[in-house]
Amino acid sequence: MEALGAGLAQACVDCCAHGMVIYLQGELGAGKTTLVRGFVRASGHKGAVKSPTYTLVEPYEDLSPPIYHFDLYRLSDPEELEFMGVRDYFGAQGVSLVEWPEQGEGVLPPADLIVRIGYLQQGRDVALAAGSSAGERVIHGLKSHNSL
């Protein structure tokens, strides 16, 4: 999952797909945060990459483009996102990785890319779906780098 996250980060850079919104879907323990760790580290972050389960968002604004890691698992009402100023995070220059996007339905912007992670007996099953032309370019970039 870390390698996929790193490949996804590279594909985003190669495709000039800044301003990306990426939904990460899967059961607890499927590897969503591990994928984010690979993405953030491949983007140049040297420190720890933790899940923002209680804070809802972990910003990595020192990176270019800035990365925002959302974990909405504990969100009880999508309107809570409005109170925290969620729209400020979804600018033209940032990449937003959103775990549990269904918890923010109606408030979150649409995804450019949806990553669905499922369990296999050994390993994981990952399906990618583009929600925009930028998402299509990222998927094509992943395929051309043999990251899929």
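Author: Residues in this predicted model are called buried under 20% relative accessible area, exposed over 50%, and partly exposed in between.

Reader: Why is Arg137 called partly exposed?

Author: Arg137, which lies in helix α4, has a relative accessible area of 39%. Since partly exposed covers the range between 20% and 50%, the value of 39% puts Arg137 in that class. Arg137 and Ala30 stand 107 residues apart in sequence, with 25 Å between their C-alpha atoms.

Reader: Which class do Thr53 and Thr55 fall into, buried or exposed, and how do you know?

Author: Thr53 is found in the loop between α2 and β2 (57–60), and Thr55 has its place in that loop as well. Thr53 has 17% relative accessibility, which is under the 20% limit, so Thr53 counts as buried. Thr55 has a relative accessible area of 54%, which is over 50%, and therefore Thr55 is exposed. Between the C-alpha atoms of Thr55 and Arg74 there are 9.5 Å in space, while 19 residues separate them in sequence.

Reader: What makes the pair Thr53 and Asp71 a polar contact?

Author: The side chains of Thr53 and Asp71 are joined at 3.1 Å, and because a polar contact needs a pair of N or O atoms within 3.5 Å, that distance meets the cut-off. If residues up to four places away in sequence are not counted, Thr53 touches Asp71 and Arg74.

Reader: What is notable about the phi angles of Leu56 and Trp100, and why do both residues count as buried?

Author: Leu56 has a phi near 75°, a positive value in a residue other than glycine, and its place is in the loop between α2 and β2. Trp100, found in the loop between β4 and β5, has a positive phi of about 60° although it is not a glycine. The relative accessibility is 12% for Leu56 and 15% for Trp100, and because buried means under 20%, Leu56 counts as buried, and so does Trp100. A positive phi of about 115° is also found at Gly44, just after α2.

Reader: Which residues have the most contacts inside the largest nonpolar core, and what makes such a set a core?

Author: The largest nonpolar core has 26 residues, and those with the most contacts inside it are Leu8, Ile22 and Phe39. The elements that give two or more residues to this core are α1, β1 (21–26), α2 (32–42), β4 (95–99), β5 (113–119) and α4 (133–144), with the largest share, five residues, coming from α1. Such a set is called a core because its members are buried nonpolar residues joined through side-chain atoms within 4.5 Å. Nonpolar side chains in soluble globular proteins tend to be buried together. Leaving aside residues up to four places away in sequence, Leu8 touches Ile22, Leu35, Phe39, Leu113, Val115, Val138 and Leu142. Apart from this core lies another, of 18 residues, among them Tyr68, Leu81, Phe90 and Trp100.

Reader: Which residues of α2 are buried?

Author: In α2 the buried residues are Lys32, Thr33, Leu35, Val36, Gly38, Phe39 and Val40.

Reader: What makes one empty space a cavity and another a pocket?

Author: A cavity is so called because a 1.4 Å probe fits inside but cannot get out, whereas a pocket is an open set. The structure holds one cavity of 30 Å³ or more, and the largest cavity has a volume of about 70 Å³. Ten residues line this cavity, with Ala9, Val13, Phe39, Ser43 and Pro65 nearest its centre. Helix α1 (residues 2–14) gives the largest share of that lining, three residues, and by class the lining has seven nonpolar, three polar and no charged residues. The largest pocket holds about 150 Å³ of space, and of the 14 residues that line it, Leu28, Gly29, Thr33, Asp71 and Glu99 are the closest to its centre. The most is given to the pocket lining by α2, with three residues, and the residues of this lining divide into four nonpolar, six polar and four charged.

Reader: Which residues does the cis peptide bond join, and what is its omega?

Author: The cis peptide bond joins Ser64 and Pro65, with omega about 0°. Pro65 lies in the loop between β2 and β3 (67–71), and Pro65 is also one of the residues nearest the centre of the largest cavity.

Terms used: Residues numbered from 1 in each chain as written. Predicted model: local features only at pLDDT ≥ 70, side-chain atom pairs only at ≥ 80, totals over all residues. Heavy atoms only, no water. 1 Å grid on protein atoms, 1.4 Å probe; cavity = no way out; pocket = protein on both sides within 12 Å on 5 of 7 lines; lining within 4 Å. Points joined across faces, edges and corners; volume = space filled by probe spheres on them. Helix = DSSP H or I, 4+ residues; strand = E, 2+ residues; numbered from the N terminus. Nonpolar A, V, L, I, M, F, W, Y, C, P; charged D, E, K, R; others polar. Buried < 20%, exposed > 50% of the residue type's maximum accessible area, 1.4 Å probe, protein only. Contact = heavy atoms within 4.5 Å. Polar contact = N/O pair within 3.5 Å; in protein donor to acceptor, adjacent residues only side chain to side chain.
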